[in-house]
Structures are given as structure tokens and as C-alpha cells.
Amino acid sequence: MAEDSAPPVEQMALASLNDGVSTPFAKAEFSDRVLIRTILSRADGGAGLAGQTVKVGGWVKTGREQGKGSFAFLELNDGSCPANLQVIVDAAVAPLGQIVPTGTCVNVEGLLKLPPEGTKQRVELRVEKVHHVGPVDPAKYPLPKTRLTLEFLRDIVHFRPRTNTISAVARIRNALAYALLPTRSSRSTAFFIYTLQLSPPVIKVEKELIKNPPPSEADIEAAKAVVKEKGEAVAQLKSAKAGKAEITASVAELDKAKENLSRLEERSKLKPGIPQKDGKIDYSQDFFAHQAFLTVSGQLQVETYACAVSSVHTFGPTFRAEHSHTSRHLAEFWWWSLK
């Protein structure tokens, strides 16, 4: 019973979001590179593909020279699955010292072959051509072959996705996200949902001040003089016991003068730019009506994952504060970015 309930470690290592492979092997979206997952996730572990020529690419997890430097074994991973493909490179094909260090990026082409009996691999790749090498300095590459603690990884955040632990967490999170999404991913590079168009008062005020500049002190003093003049006229009419209609007309002119002065004084308080209150930024008049921190960290961090698990995408809210208020310029939206 205990054996039946034990987790199938080898199967879990080869697991992916789509284990059903209807073709001998699938290629990458925009190249003829074959995904390692489609080789190793087969029921026969890839043994049935022996004799076929494929091109694979990825990062060297471990590498070692053998046969007194005549060839090298590489454990290659392209991020399509947790498992590695064993790659054999002869010294005549490429300089072994350049491709053996952990973290080296390679793109190779070769023949899939059955390994010798007694080995754990079901299939291996004998390299015939090396198309590309992205070398690393072993003295500076921060991920050694030894077991790493999470505390250590906090100091090299951009390399964390290359570790088994963090990449496994990403795959689990991805599976959960797909289970919750109502639809599957689109091949569109930008998919917008939940739009929100904002036009706070501060933007309207700034536009108004550009069209109609605020009144000067001279304008306000002139308006005060008019109010004083109209007030004196009303007082004179009342002291002279003028007719009711005449006094009413004079009072109406005084009210208009006061309203005009009030508007001018109110407009004179308006200032373009960032509004302030008590010497501090008045966020109630800001673009989002409250303090906001705009970020594109999702896109930035997904690029580090693309350099570890290949095909990735990010989906989350994005904010943009600019003075373009059209149907094509959104202040807040959800962005789907594929890398």
C-alpha cells in the first residue's frame, strides 16, 4: 500500500501542463528548436525517437569533461520541463572548456541515441553541430552545483528562476492560474480587459488655465474698485430716497460685481502643476485621486523567468498616468505579455 501511494518521482519530474504529445516532438513557436519536454515526457522516455536528428537549446545545469578531455557530458534544460536532457559533445565539435560551465547557454543539433544499458537515461543526444554558445564566467556565475538556501537566493533574485525550487513553484502557480482562468491563453501579445478611463479635476484645471490664464493682482484690484463704486452708488440712492426700481437695479449691478470679484479671487488661487496643501502634495487632486505607485515590475521580472523556463507570460494590472484622454490611452488596464 505504501508503494502504491508513493509519488511517482520520475513522472513528476517530466510533468508539464500538456503531456499529451500527438507528434514525435513539438518545436518552439518561432524556431525549429525542439522542446526537451516533448522528448522526455513520452511514455518511453524518448527512446522511441532514437535515430532522429533534432535541434535543442537551453542552459547547462551541470557539465563535466570525460575521456581526458576528448568529450563532455552536459545536463541541458530549456525550461519546458524540470527534467534535463543528457547531451554528449566531442572535443572536435566545440571547445569543451567553453560549454561545460554551469549556466552556459547553448543551441545544438545532433542525433538522439539510446544510452548504454544500466544508465538512468532513456535517451541522449550526440551533438553534431553547435550553433550558438552563450558563455559564462565560472568564477562569477552565482549558482553553484551545491544545494542552495532560500536566504542565499534572496541576494540573486534575477537568477532564482533557474533553480529547481523556484521553477517548480512557478509551474505549480501556473497550473493553478490556468485552472482558474475562464479561457486559455491567447497568442496575442497584448490583450486588454477591465478598462478604466480617468479625468480628475486637476487635469481639467490645468487645461483651463492654459486656455484662460488666472487673473493678475491688477485684475482683482480693478474688480474690488468696481464693487466699491457700485456699493457707493447704492448707498447714495438709498440716502437720496430714490425710487424702488432704481435702487433694485443698482443693487443687481452690485451683486454682479461681487460675483465677478469672487470668481476672480477663486481663479487666482488655482495653480498649474502638482497641487499642494499645507506644504505637502495634495493627493486628493492627483491623477488617481490618491497616492499611487506605478510599476511595470511584472514585465521586468518575467524576463528573468524567460531566461530560465523559456516561454512565459505575465498577466496583471498596469497603470499609466499621461495627459491623453482618448479611447486608445487608458489609465488602468490589464496587460497580457508573452515572452
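User: What makes β1 and β4 count as paired strands, and in which sense do they run?

Analyst: This is a predicted model, by the way. Two strands pair if there are at least two bridges between them, and seven bridges join β1 to β4 (residues 105-113), so they count as paired, with the strands running antiparallel. One of the matched residues is T53, whose bridge partner in β4 is L111.

User: How many bridges does β4 make with β5, and in which sense?

Analyst: Nine, and the sense is antiparallel. If you want a spot to look at, N107 stands opposite H132 in β5.

User: Why is Q52 called partly exposed?

Analyst: Buried needs under 20% relative accessible area and exposed needs over 50%. Q52 comes out at 28%, so it lands in between. You'll find Q52 in the loop between α3 (36-40) and β1 (53-66). Its C-alpha atom is 8.4 Å from that of G110, a residue 58 places away along the chain.

User: How many aromatic pairs are there?

Analyst: Two. For F71 and F73, the ring centres are 5.4 Å apart and the planes sit at 85°.

User: What makes the F71 and F73 pair edge-to-face?

Analyst: Centres within 6.5 Å make a pair, and planes over 60 degrees apart make it edge-to-face. At 5.4 Å and 85°, F71 and F73 pass both tests, so edge-to-face it is. As for burial, F71 is partly exposed because its relative accessibility is 23%, while F73, at 16%, is buried.

User: And which residues form the other pair, and where are they?

Analyst: Y141 and F159, again edge-to-face, with 5.4 Å centre to centre and 80° between the planes. This pair links distant parts of the chain: Y141 is in the loop between β5 (124-134) and α5 (150-153), and F159 is in the loop between α5 and α6 (164-180), 18 residues apart.

User: Why do Y141 and F159 count as buried?

Analyst: The cut-off is under 20%. Y141 has a relative accessible area of 15%, so Y141 is buried, and F159 at 17% is buried too.

User: How do you know that the length of α9 agrees with the expected span?

Analyst: Helix α9 (residues 244-268) has 25 residues, and at 1.5 Å a residue they should span 36 Å. The end C-alpha atoms are 36 Å apart, so the two values agree.

User: Which residues of α9 are buried, and what do they pack against?

Analyst: I247, S250, L254, A257, L261 and L264 are buried, and the buried residues of α9 pack against α8 (217-239). An α-helix has 3.6 residues a turn, so residues three or four places apart point the same way.

Conventions. Residues are numbered from 1 along each chain as its sequence is written. This is a predicted model: local features need pLDDT of at least 70, side-chain atom pairs count only at pLDDT 80 or more; totals for chains, interfaces and linings use all residues. Side-chain values use heavy atoms; hydrogens and water are left out. Helices (H or I, at least four residues) and strands (E, at least two) are DSSP runs, numbered from the N terminus. The expected span of a helix is 1.5 Å times one less than its number of residues. Buried means under 20% relative accessible area, exposed over 50%, partly exposed in between (1.4 Å probe, protein chains only). Contact means heavy atoms within 4.5 Å. Rings of Phe, Tyr and Trp (its six-membered ring) pair if their centres lie within 6.5 Å; planes under 30 degrees apart count as stacked, over 60 as edge-to-face and the rest as tilted.
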